[in-house]
Amino acid sequence: MVVLGIESSCDETAAAVVENGRKVLSSVVATQIALHRPYGGVVPEIASRSHVEKIGGVIREAVAEAFGGNGDAECDPSWWNNIDAIAVTFGPGLASSLMVGLSAAKGLALSLGKPLIGINHIEAHLHSVFLDPFAPDPRSLGRCLGLAVSGGHSSWVDMPEFGKYSIIGQTLDDAAGEAFDKAAKLLGLGYPGGPIIDRVARTALRRDAVKFPRGRPKEGTPALGGLRAELCVSFSGLKTALMYHLRNHPPSDDREKAEIVAAYQEAIVGALADRTITALHSRRYEALVVGGGVSLNSRLRERLSEVAAAARVPFLAALPQYCGDNAAMVAGLAGMGVGVTGDAAMRLDVMPSLEAGDIVA
Ligand code: KG4
Ligand code: ZN
């Protein structure tokens, strides 16, 4: 089955063609980072306007690259016949951004007479790992623990079998990527902060120069909503701690600044690794599966691979080009038979607060 996937949940306009869930024939991502940089964060109005401008060209480029071998080629009308279905992210994300992709996908499905498949963005991030041809077939794995970490989400997901998801832990406030981005803003390092913090932290001589809180929510906190506190994180206090530290002990040079950055990164990575250890101990898992933009972080990869090795499970992380938002993960998951289909798909509205495992009919 050949699926054309469309993704527009935040600030990347993306389209991709994927065969049988894992073989990526093309993947085009138009990022809006430069548009949002002056504001130090994603501005929803600017994001949705840019999606409208870009989406047609991005879809045509993905189809041309998949079937013409050249993304610049004019789309031959016969190439659309090679596509069996159109998949699209309908949540979670920014409503006005999601709407652009969903409307484009519905229009394409109707005009081409192809089925539409609605995809959950977090579940797609967890599928991105399997776009690596060297990864095992997800259907051959038993129960997996998923960790989706990005600018909008930080969730631990129990996957008892392929295509089944249930959240067992999450952040109660900021996502890990948001915690990186806000810190970089406070430190005047630029946007987006995650990759810059990763780079600066690597230059530090030590990671323990500052003691930052490890984001442990108290048992009984109402925001837990029934989840176990030991499987949840809270990053908002960490950002406040950084703010006070910078006010009380401003770094005198780049070396000191790098040490603050490394300690801050260590607090985020430590919190994510710690909850992952607890989750891996809570059940028998066959693999640790990690996706999302923050999974590019070199220190997080190092720590999680240690955590997985100690628990004797394979550590599966996505190829770098599929960590951030992309449409190959959307087309891939749909091609494996996961997603909202039939009339329900054509009736879908955007769901900005969708969570992994939410049943949508
Ligand atoms: O998955 P993604 O592209 O978009 C969302 O769904 O949010 O993730 C973007 C986030 C940003 O917050 C960015 O700072 C973070 O991923 N990020 C990183 C790294 N590369 C990207 N965070 C830490 N270390 C990195 N190397
Ligand atoms: Zn994402």
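How many residues of domain 1 are in contact with how many residues of domain 2? I counted 19 residues on the domain 1 side and 20 on the domain 2 side. I note at the start that this is a predicted model.

**Entry 1: domains**

I looked up the domain assignment of the protein chain. It gives domain 1 as 2–127 + 322–346 and domain 2 as 141–317. I then took the centres of domain 1 and domain 2 over C-alpha atoms and found 28 Å between them.

**Entry 2: where ligand 1 sits**

I asked which domains give residues to the shell around ligand 1. Domain 1 and domain 2 both do, so ligand 1 lies between them. I listed 21 residues around ligand 1. The closest are Gly-151, Asp-181, Asp-198, Gly-293 and Asp-325. I sorted the shell by residue class and got six nonpolar, twelve polar and three charged residues.

**Entry 3: polar atoms at ligand 1**

I went through some N and O atoms facing ligand 1. For Gly-177, a backbone N or O atom is 3.3 Å from an oxygen atom of ligand 1. For Gly-194, a polar backbone atom is 3.0 Å from an oxygen atom of ligand 1. At Asn-297 the side chain takes part: one of its N or O atoms lies 3.0 Å from a nitrogen atom of ligand 1. I next checked how much of ligand 1 is covered. Ligand 1 taken alone exposes 550 Å², and the protein buries 89% of that. I also noted which elements give two or more residues to the shell: helix 4 (121–127), helix 5 (176–186) and helix 6 (193–201).

**Entry 4: His-127**

I picked His-127, which belongs to helix 4. Is His-127 buried or exposed? His-127 counts as buried because its relative accessibility is 1%, and the cut-off for buried is under 20%. Leaving out residues up to four places away in sequence, I found that His-127 touches Gly-21, Phe-162, Met-329, Gly-332, Leu-333 and Met-336.

**Entry 5: cis peptide bonds**

I looked at two peptide bonds that precede a proline. The bond joining Gly-91 and Pro-92 is cis, with omega at about -10°. I located Pro-92 in the loop that runs between strand 4 (85–91) and helix 3 (95–112). The bond joining Tyr-191 and Pro-192 is also cis, and its omega is about -10°. Pro-192 is in the loop between helix 5 and helix 6, two of the elements already noted as giving two or more residues to the shell around ligand 1.

**Entry 6: positive phi outside glycine**

I checked two residues for backbone phi. Asn-20 is not a glycine, yet its phi is positive, near 50°. I placed Asn-20 in the loop between strand 2 (12–19) and strand 3 (23–31). Its relative accessible area is 44%, so I entered Asn-20 as partly exposed.

Arg-312 is likewise a residue other than glycine with a positive phi, about 55°. I found Arg-312 in the loop between helix 9 (298–310) and strand 10 (315–317). Which class of accessibility does Arg-312 fall in? I entered Arg-312 as exposed because its relative accessible area is 77%, and the cut-off for exposed is over 50%.

Definitions and conventions
Residues are numbered from 1 along each chain as its sequence is written. Chains are lettered from A and ligands numbered from 1 in the order in which they are written. This is a predicted model: local features need pLDDT of at least 70, side-chain atom pairs count only at pLDDT 80 or more; totals for chains, interfaces and linings use all residues. Side-chain values use heavy atoms; hydrogens and water are left out. A residue is near a molecule or strand if one of its heavy atoms lies within 4 Å of it. A polar contact is a pair of N or O atoms within 3.5 Å; within protein, one must be able to donate a hydrogen and the other to accept it, and residues adjacent in sequence count only if both atoms are side-chain atoms. Accessible areas come from the Shrake-Rupley method with a 1.4 Å probe; for residues, only the protein chains shown count as cover. Helices (H or I, at least four residues) and strands (E, at least two) are DSSP runs, numbered from the N terminus. Ala, Val, Leu, Ile, Met, Phe, Trp, Tyr, Cys and Pro count as nonpolar, Asp, Glu, Lys and Arg as charged, and the others, Gly among them, as polar. Domain bounds come from an automatic or database domain assignment. Buried means under 20% relative accessible area, exposed over 50%, partly exposed in between (1.4 Å probe, protein chains only). Contact means heavy atoms within 4.5 Å.
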